[in-house]
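This report concerns the contact between the two domains of the protein shown below.

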Amino acid sequence: MTFEDIKNKEQKYMMHTYGRFPAALVSGKGAVAKDADGKEYIDFTSGIGVNCLGYCDDGWVKAVSDQAAAIQHISNLYYSPLQVGVAERLCSLTGMDKVFLCNSGAEANECAIKIARKYSFDKYGEGRQKILTLVNSFHGRTVTTLAATGQDVFHNYFYPFTEGFDYVVANDTDDLMKHIDDSVCAVFVELIQGEGGVMPLCREFVKAVADVCAEKDILFMVDEVQTGISRTGSVYCYQQYDIKPDVVTSAKGLGGGVPIGACLCNEKLADVMSAGTHGTTFGGNPIACAAAGYVLDTVTTDEFLSSVREKGDYIRQQLSGMANVKEVRGMGMMIGIVTEKDNAKAVAAACVEKGLLILTAKNLLRMLPPLNITKEEIDRGLSILKTVMEE
Ligand SMILES: *Cc1c(COP(=O)(O)O)cnc(C)c1O
(Lines give C-alpha, C1' and ligand atoms only; values in the text may rest on other atoms or scores of the structure.)
Protein backbone atom coordinates (compact mmCIF):
# COMPACT_ATOMS: atom_id res chain seq x y z
CA MET A 1 0.00 0.00 0.00
CA THR A 2 1.26 3.49 -0.79
CA PHE A 3 0.93 6.30 1.72
CA GLU A 4 -2.05 7.72 -0.20
CA ASP A 5 -3.89 4.36 -0.01
CA ILE A 6 -3.26 4.12 3.71
CA LYS A 7 -4.40 7.69 4.30
CA ASN A 8 -7.59 7.16 2.28
CA LYS A 9 -8.50 3.97 4.13
CA GLU A 10 -7.82 5.68 7.44
CA GLN A 11 -10.28 8.42 6.44
CA LYS A 12 -12.86 5.89 5.34
CA TYR A 13 -12.69 3.28 8.10
CA MET A 14 -11.27 4.85 11.25
CA MET A 15 -12.83 7.25 13.71
CA HIS A 16 -11.22 10.63 13.25
CA THR A 17 -9.74 10.86 16.73
CA TYR A 18 -6.19 11.85 15.75
CA GLY A 19 -4.57 14.69 13.87
CA ARG A 20 -1.77 12.67 12.30
CA PHE A 21 1.56 13.62 10.74
CA PRO A 22 1.76 12.62 7.05
CA ALA A 23 3.88 9.47 7.49
CA ALA A 24 2.95 5.78 7.76
CA LEU A 25 5.72 4.08 9.73
CA VAL A 26 6.25 0.44 8.84
CA SER A 27 9.65 -0.60 10.23
CA GLY A 28 12.52 0.66 12.32
CA LYS A 29 15.81 -0.05 14.01
CA GLY A 30 17.31 1.89 16.89
CA ALA A 31 16.24 5.53 16.62
CA VAL A 32 15.52 5.29 12.88
CA ALA A 33 12.01 4.66 11.53
CA LYS A 34 11.12 3.90 7.92
CA ASP A 35 7.85 4.85 6.23
CA ALA A 36 5.76 3.05 3.61
CA ASP A 37 7.66 4.80 0.82
CA GLY A 38 11.09 3.84 2.21
CA LYS A 39 11.93 7.29 3.62
CA GLU A 40 13.93 7.32 6.89
CA TYR A 41 13.32 9.42 9.98
CA ILE A 42 15.36 10.04 13.10
CA ASP A 43 12.92 9.50 15.94
CA PHE A 44 12.94 11.91 18.89
CA THR A 45 9.49 10.69 20.03
CA SER A 46 9.74 6.98 20.96
CA GLY A 47 6.04 6.70 20.14
CA ILE A 48 5.44 9.26 22.95
CA GLY A 49 7.87 7.81 25.46
CA VAL A 50 7.00 4.16 24.79
CA ASN A 51 9.87 2.70 22.76
CA CYS A 52 12.47 3.40 25.43
CA LEU A 53 14.91 1.03 23.72
CA GLY A 54 14.12 2.35 20.25
CA TYR A 55 12.78 0.20 17.45
CA CYS A 56 13.31 -3.56 17.54
CA ASP A 57 16.16 -3.76 20.04
CA ASP A 58 17.64 -7.26 19.59
CA GLY A 59 17.26 -8.39 23.21
CA TRP A 60 13.74 -7.00 23.43
CA VAL A 61 12.68 -8.74 20.20
CA LYS A 62 14.05 -12.02 21.53
CA ALA A 63 12.28 -11.66 24.89
CA VAL A 64 8.95 -10.92 23.17
CA SER A 65 9.19 -13.55 20.43
CA ASP A 66 10.43 -16.29 22.77
CA GLN A 67 7.51 -15.59 25.04
CA ALA A 68 5.02 -15.57 22.13
CA ALA A 69 6.32 -19.03 21.26
CA ALA A 70 6.11 -20.30 24.86
CA ILE A 71 2.68 -19.10 26.08
CA GLN A 72 1.03 -15.92 24.84
CA HIS A 73 -1.77 -15.38 27.35
CA ILE A 74 -3.15 -16.88 30.51
CA SER A 75 -6.07 -15.73 32.58
CA ASN A 76 -5.34 -13.94 35.84
CA LEU A 77 -7.09 -16.92 37.45
CA TYR A 78 -3.70 -18.64 37.14
CA TYR A 79 -0.23 -17.76 38.44
CA SER A 80 2.48 -16.38 36.17
CA PRO A 81 6.23 -16.40 36.85
CA LEU A 82 6.61 -13.43 34.50
CA GLN A 83 4.12 -11.29 36.43
CA VAL A 84 5.74 -11.97 39.78
CA GLY A 85 9.13 -11.23 38.23
CA VAL A 86 8.00 -7.79 37.02
CA ALA A 87 6.27 -7.02 40.32
CA GLU A 88 9.29 -8.08 42.37
CA ARG A 89 11.58 -5.98 40.20
CA LEU A 90 9.35 -2.89 40.45
CA CYS A 91 9.20 -3.25 44.24
CA SER A 92 12.95 -3.69 44.64
CA LEU A 93 13.66 -0.70 42.38
CA THR A 94 11.33 1.57 44.34
CA GLY A 95 10.84 0.24 47.86
CA MET A 96 7.11 0.06 47.15
CA ASP A 97 5.24 -2.95 48.53
CA LYS A 98 2.60 -4.19 46.04
CA VAL A 99 1.90 -3.94 42.31
CA PHE A 100 -1.22 -4.19 40.15
CA LEU A 101 -0.51 -4.84 36.48
CA CYS A 102 -2.77 -3.40 33.78
CA ASN A 103 -2.52 -2.27 30.15
CA SER A 104 -2.17 1.51 29.98
CA GLY A 105 -1.53 4.73 31.81
CA ALA A 106 -5.20 5.56 32.20
CA GLU A 107 -5.83 2.13 33.71
CA ALA A 108 -2.93 2.48 36.12
CA ASN A 109 -4.42 5.82 37.20
CA GLU A 110 -7.90 4.32 37.58
CA CYS A 111 -6.35 1.80 39.96
CA ALA A 112 -4.67 4.59 41.94
CA ILE A 113 -7.98 6.46 42.21
CA LYS A 114 -9.78 3.33 43.40
CA ILE A 115 -7.07 2.66 46.01
CA ALA A 116 -7.33 6.22 47.34
CA ARG A 117 -11.11 6.09 47.67
CA LYS A 118 -11.20 2.60 49.18
CA TYR A 119 -8.40 3.28 51.65
CA SER A 120 -10.27 6.30 52.88
CA PHE A 121 -13.66 4.56 52.90
CA ASP A 122 -12.30 1.57 54.84
CA LYS A 123 -10.68 3.78 57.46
CA TYR A 124 -12.89 6.88 57.67
CA GLY A 125 -16.20 5.91 56.06
CA GLU A 126 -18.14 8.00 53.55
CA GLY A 127 -17.52 11.66 52.71
CA ARG A 128 -13.74 11.65 52.38
CA GLN A 129 -13.40 10.92 48.68
CA LYS A 130 -12.05 14.08 47.05
CA ILE A 131 -8.84 13.79 45.03
CA LEU A 132 -6.82 16.92 44.33
CA THR A 133 -4.95 17.06 41.01
CA LEU A 134 -3.17 19.98 39.37
CA VAL A 135 -4.33 22.58 36.92
CA ASN A 136 -2.83 21.76 33.50
CA SER A 137 -2.32 18.07 34.36
CA PHE A 138 -3.00 15.09 32.13
CA HIS A 139 -4.06 11.71 33.53
CA GLY A 140 -5.79 9.86 30.68
CA ARG A 141 -8.86 9.52 28.47
CA THR A 142 -11.35 7.42 30.42
CA VAL A 143 -14.29 9.33 31.86
CA THR A 144 -12.72 9.26 35.34
CA THR A 145 -9.16 10.11 34.31
CA LEU A 146 -10.54 12.96 32.16
CA ALA A 147 -12.19 14.26 35.32
CA ALA A 148 -8.82 13.93 37.09
CA THR A 149 -7.18 15.91 34.27
CA GLY A 150 -7.05 19.57 35.32
CA GLN A 151 -7.75 21.17 31.94
CA ASP A 152 -11.17 22.55 30.98
CA VAL A 153 -10.73 21.55 27.32
CA PHE A 154 -11.06 17.91 28.41
CA HIS A 155 -14.27 18.53 30.35
CA ASN A 156 -16.74 18.68 27.48
CA TYR A 157 -19.32 16.44 25.77
CA PHE A 158 -19.05 13.36 27.98
CA TYR A 159 -21.19 14.40 30.93
CA PRO A 160 -21.63 13.44 33.63
CA PHE A 161 -17.95 13.15 34.56
CA THR A 162 -16.87 11.28 37.68
CA GLU A 163 -17.35 13.50 40.72
CA GLY A 164 -14.84 14.22 43.44
CA PHE A 165 -11.91 15.96 41.77
CA ASP A 166 -10.65 19.46 42.37
CA TYR A 167 -7.67 21.26 40.89
CA VAL A 168 -4.78 23.04 42.56
CA VAL A 169 -2.53 25.52 40.77
CA ALA A 170 0.85 23.82 40.26
CA ASN A 171 3.68 25.19 42.39
CA ASP A 172 1.26 27.32 44.43
CA THR A 173 1.44 26.16 48.06
CA ASP A 174 -1.19 28.67 49.20
CA ASP A 175 -3.66 27.30 46.68
CA LEU A 176 -2.83 23.76 47.82
CA MET A 177 -3.55 24.65 51.45
CA LYS A 178 -6.84 26.34 50.48
CA HIS A 179 -7.99 23.06 48.96
CA ILE A 180 -7.02 20.80 51.87
CA ASP A 181 -9.99 19.88 54.06
CA ASP A 182 -11.63 16.82 55.63
CA SER A 183 -13.09 15.66 52.30
CA VAL A 184 -9.67 15.10 50.69
CA CYS A 185 -8.31 11.55 50.47
CA ALA A 186 -5.44 12.01 48.00
CA VAL A 187 -3.27 14.44 46.08
CA PHE A 188 -2.32 13.11 42.64
CA VAL A 189 0.37 14.87 40.56
CA GLU A 190 2.76 14.53 37.65
CA LEU A 191 6.19 15.69 38.86
CA ILE A 192 6.83 17.02 35.36
CA GLN A 193 3.60 17.81 33.55
CA GLY A 194 4.15 16.15 30.17
CA GLU A 195 1.19 16.89 27.90
CA GLY A 196 0.77 20.15 29.83
CA GLY A 197 4.03 21.49 28.36
CA VAL A 198 6.98 19.81 30.12
CA MET A 199 6.47 21.75 33.36
CA PRO A 200 8.50 20.45 36.32
CA LEU A 201 7.15 20.96 39.83
CA CYS A 202 9.45 22.89 42.12
CA ARG A 203 10.93 21.11 45.12
CA GLU A 204 9.30 23.39 47.72
CA PHE A 205 5.83 22.67 46.36
CA VAL A 206 6.44 18.91 46.22
CA LYS A 207 7.74 19.02 49.79
CA ALA A 208 4.65 20.95 50.89
CA VAL A 209 2.41 18.31 49.30
CA ALA A 210 4.38 15.50 50.96
CA ASP A 211 4.23 17.21 54.37
CA VAL A 212 0.51 17.98 54.36
CA CYS A 213 -0.30 14.48 53.07
CA ALA A 214 1.77 12.86 55.82
CA GLU A 215 0.22 15.05 58.48
CA LYS A 216 -3.40 14.38 57.47
CA ASP A 217 -3.19 10.77 56.24
CA ILE A 218 -3.92 11.98 52.71
CA LEU A 219 -2.37 9.74 50.05
CA PHE A 220 0.41 11.28 47.97
CA MET A 221 0.13 9.70 44.53
CA VAL A 222 2.42 10.40 41.57
CA ASP A 223 1.56 9.79 37.93
CA GLU A 224 4.86 8.61 36.45
CA VAL A 225 3.28 7.28 33.26
CA GLN A 226 5.49 9.60 31.20
CA THR A 227 8.32 10.42 33.64
CA GLY A 228 8.97 6.83 34.74
CA ILE A 229 11.21 4.02 33.43
CA SER A 230 14.45 6.03 33.53
CA ARG A 231 13.13 8.80 31.27
CA THR A 232 14.30 11.60 33.56
CA GLY A 233 17.61 10.01 34.59
CA SER A 234 16.37 8.00 37.59
CA VAL A 235 14.15 4.92 37.38
CA TYR A 236 11.25 7.06 38.62
CA CYS A 237 11.34 10.83 38.70
CA TYR A 238 10.18 11.01 42.36
CA GLN A 239 13.54 9.51 43.34
CA GLN A 240 15.10 12.88 42.47
CA TYR A 241 12.62 14.78 44.66
CA ASP A 242 13.54 13.12 47.96
CA ILE A 243 9.97 11.96 48.65
CA LYS A 244 8.24 8.63 49.32
CA PRO A 245 4.87 8.61 47.57
CA ASP A 246 2.11 6.25 48.69
CA VAL A 247 1.17 5.34 45.12
CA VAL A 248 3.13 5.47 41.84
CA THR A 249 1.62 4.80 38.42
CA SER A 250 3.64 3.66 35.43
CA ALA A 251 3.02 2.70 31.79
CA LYS A 252 4.38 4.15 28.49
CA GLY A 253 8.06 3.01 28.55
CA LEU A 254 7.45 0.04 30.84
CA GLY A 255 6.94 -2.49 28.04
CA GLY A 256 9.27 -0.85 25.53
CA GLY A 257 6.49 -0.96 22.89
CA VAL A 258 3.87 -3.42 24.08
CA PRO A 259 0.93 -2.30 26.21
CA ILE A 260 1.51 -2.64 29.95
CA GLY A 261 0.83 -0.40 32.93
CA ALA A 262 1.44 -0.76 36.64
CA CYS A 263 0.09 0.78 39.82
CA LEU A 264 2.49 0.52 42.76
CA CYS A 265 1.50 1.11 46.37
CA ASN A 266 3.35 1.18 49.67
CA GLU A 267 2.96 -1.08 52.67
CA LYS A 268 0.21 1.03 54.25
CA LEU A 269 -2.00 0.29 51.23
CA ALA A 270 -0.97 -3.33 50.67
CA ASP A 271 -4.34 -4.83 51.57
CA VAL A 272 -6.69 -2.11 50.28
CA MET A 273 -7.51 -3.83 46.99
CA SER A 274 -8.86 -7.16 48.19
CA ALA A 275 -10.11 -10.09 46.10
CA GLY A 276 -12.93 -9.03 43.78
CA THR A 277 -12.37 -5.26 44.08
CA HIS A 278 -10.30 -4.89 40.92
CA GLY A 279 -9.20 -6.93 37.93
CA THR A 280 -8.41 -7.07 34.23
CA THR A 281 -8.40 -9.65 31.44
CA PHE A 282 -5.22 -8.60 29.69
CA GLY A 283 -3.29 -6.91 32.50
CA GLY A 284 0.00 -8.66 33.23
CA ASN A 285 -0.16 -10.56 29.94
CA PRO A 286 2.91 -12.85 29.58
CA ILE A 287 4.22 -11.21 26.41
CA ALA A 288 3.85 -7.75 27.96
CA CYS A 289 5.57 -8.97 31.13
CA ALA A 290 8.42 -10.58 29.18
CA ALA A 291 8.95 -7.23 27.46
CA ALA A 292 8.75 -5.30 30.74
CA GLY A 293 11.16 -7.69 32.41
CA TYR A 294 13.68 -7.10 29.65
CA VAL A 295 13.17 -3.33 29.78
CA LEU A 296 13.60 -3.21 33.57
CA ASP A 297 16.77 -5.31 33.40
CA THR A 298 18.21 -3.00 30.76
CA VAL A 299 17.30 0.58 31.67
CA THR A 300 17.84 0.52 35.44
CA THR A 301 21.59 -0.09 35.74
CA ASP A 302 23.71 2.78 37.08
CA GLU A 303 25.58 2.87 33.80
CA PHE A 304 22.39 3.15 31.73
CA LEU A 305 20.95 5.83 34.00
CA SER A 306 24.08 7.94 33.85
CA SER A 307 24.06 7.64 30.03
CA VAL A 308 20.49 9.00 30.02
CA ARG A 309 21.53 12.00 32.13
CA GLU A 310 24.62 12.56 30.02
CA LYS A 311 22.74 12.45 26.71
CA GLY A 312 20.04 14.70 28.14
CA ASP A 313 22.71 17.24 29.15
CA TYR A 314 24.33 16.98 25.72
CA ILE A 315 21.02 17.65 23.93
CA ARG A 316 20.31 20.60 26.25
CA GLN A 317 23.76 22.02 25.60
CA GLN A 318 23.34 21.70 21.82
CA LEU A 319 19.91 23.34 22.02
CA SER A 320 21.13 26.27 24.08
CA GLY A 321 22.98 27.77 21.13
CA MET A 322 20.30 27.04 18.52
CA ALA A 323 18.31 29.68 16.64
CA ASN A 324 14.66 30.13 17.74
CA VAL A 325 15.24 28.45 21.13
CA LYS A 326 13.88 30.62 23.93
CA GLU A 327 13.82 28.17 26.85
CA VAL A 328 14.59 24.49 27.42
CA ARG A 329 12.72 22.62 30.18
CA GLY A 330 12.54 19.12 31.61
CA MET A 331 14.86 16.52 33.08
CA GLY A 332 17.01 13.77 31.56
CA MET A 333 15.63 12.87 28.16
CA MET A 334 12.22 14.47 28.70
CA ILE A 335 12.81 17.81 27.04
CA GLY A 336 10.54 20.73 26.17
CA ILE A 337 11.60 23.67 24.01
CA VAL A 338 9.87 27.04 24.02
CA THR A 339 10.48 28.71 20.65
CA GLU A 340 11.13 32.42 20.13
CA LYS A 341 8.70 32.50 17.21
CA ASP A 342 6.01 30.50 19.05
CA ASN A 343 5.87 28.16 16.05
CA ALA A 344 6.33 24.68 17.56
CA LYS A 345 3.60 23.04 15.45
CA ALA A 346 5.05 24.42 12.22
CA VAL A 347 8.57 23.37 13.25
CA ALA A 348 7.40 19.82 14.05
CA ALA A 349 5.66 19.58 10.67
CA ALA A 350 8.71 20.87 8.80
CA CYS A 351 10.93 18.40 10.69
CA VAL A 352 8.82 15.43 9.52
CA GLU A 353 9.24 16.64 5.97
CA LYS A 354 13.01 16.67 6.43
CA GLY A 355 13.22 13.31 8.22
CA LEU A 356 12.92 14.04 11.95
CA LEU A 357 10.05 12.95 14.19
CA ILE A 358 9.51 15.40 17.06
CA LEU A 359 6.50 16.08 19.31
CA THR A 360 4.72 19.14 20.58
CA ALA A 361 3.04 19.71 23.95
CA LYS A 362 0.88 22.82 24.22
CA ASN A 363 2.95 25.46 22.40
CA LEU A 364 6.28 23.72 23.05
CA LEU A 365 8.41 21.37 21.00
CA ARG A 366 8.87 18.16 22.96
CA MET A 367 11.51 15.44 22.69
CA LEU A 368 11.30 11.97 24.21
CA PRO A 369 14.09 10.19 22.31
CA PRO A 370 14.71 6.47 22.80
CA LEU A 371 16.86 6.20 25.92
CA ASN A 372 19.47 4.14 24.08
CA ILE A 373 19.75 6.57 21.15
CA THR A 374 23.36 6.96 19.96
CA LYS A 375 25.32 10.23 19.91
CA GLU A 376 25.43 9.95 16.14
CA GLU A 377 21.63 9.61 15.89
CA ILE A 378 21.21 12.57 18.26
CA ASP A 379 23.50 14.68 16.07
CA ARG A 380 21.65 13.69 12.89
CA GLY A 381 18.33 14.66 14.46
CA LEU A 382 19.62 17.91 15.93
CA SER A 383 21.12 18.99 12.62
CA ILE A 384 17.69 18.63 10.97
CA LEU A 385 16.11 20.55 13.83
CA LYS A 386 18.75 23.27 13.51
CA THR A 387 18.06 23.69 9.78
CA VAL A 388 14.33 24.03 10.44
CA MET A 389 14.79 26.39 13.41
CA GLU A 390 16.96 28.69 11.29
CA GLU A 391 14.32 28.98 8.55
C1 LIG B 1 0.16 9.28 28.46
C2 LIG B 1 -0.22 9.62 29.85
C3 LIG B 1 -1.33 9.04 30.46
C4 LIG B 1 -2.29 8.14 29.72
O5 LIG B 1 -1.70 6.94 29.34
P6 LIG B 1 -2.48 5.99 28.30
O7 LIG B 1 -1.56 4.79 28.21
O8 LIG B 1 -2.60 6.73 27.02
O9 LIG B 1 -3.78 5.65 28.90
C10 LIG B 1 -1.58 9.33 31.79
N11 LIG B 1 -0.77 10.16 32.48
C12 LIG B 1 0.32 10.72 31.92
C13 LIG B 1 1.20 11.62 32.75
C14 LIG B 1 0.63 10.50 30.58
O15 LIG B 1 1.69 11.10 30.03
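## The interface between the domains

Between domain 1 and domain 2 there are 11 residue pairs in polar contact, both residues at pLDDT 80 or more; a polar contact is a pair of N or O atoms within 3.5 Å, where within protein one must be able to donate a hydrogen and the other to accept it, and residues adjacent in sequence count only if both atoms are side-chain atoms. The model is predicted, so that local features need pLDDT of at least 70 and side-chain atom pairs pLDDT 80 or more, while totals for chains, interfaces and linings use all residues. Residues are numbered from 1 along each chain as its sequence is written, and side-chain values use heavy atoms, with hydrogens and water left out.

The domain bounds, which come from an automatic or database domain assignment, and the contact residues (heavy atoms within 4.5 Å) are as follows.

| Domain | Bounds | Residues in the contact |
|---|---|---|
| Domain 1 | 3–57 + 302–390 | 27 residues |
| Domain 2 | 71–299 | 29 residues |

The C-alpha centres of the two domains are 26 Å apart. Together the domains bury about 2,300 Å², of which 64% is on carbon and sulfur atoms; buried area is the accessible area (1.4 Å probe) that two parts lose on being put together, summed over both. Of the area that domain 1 buries against domain 2, 28% comes from Met331, Met334 and Lys362, more than from any other three residues.

One salt bridge is counted between the domains, the term meaning a side-chain nitrogen of Lys or Arg within 4 Å of a carboxyl oxygen of Asp or Glu. Arg366 and Glu195 form a salt bridge through their side chains, at 3.0 Å from N to O.
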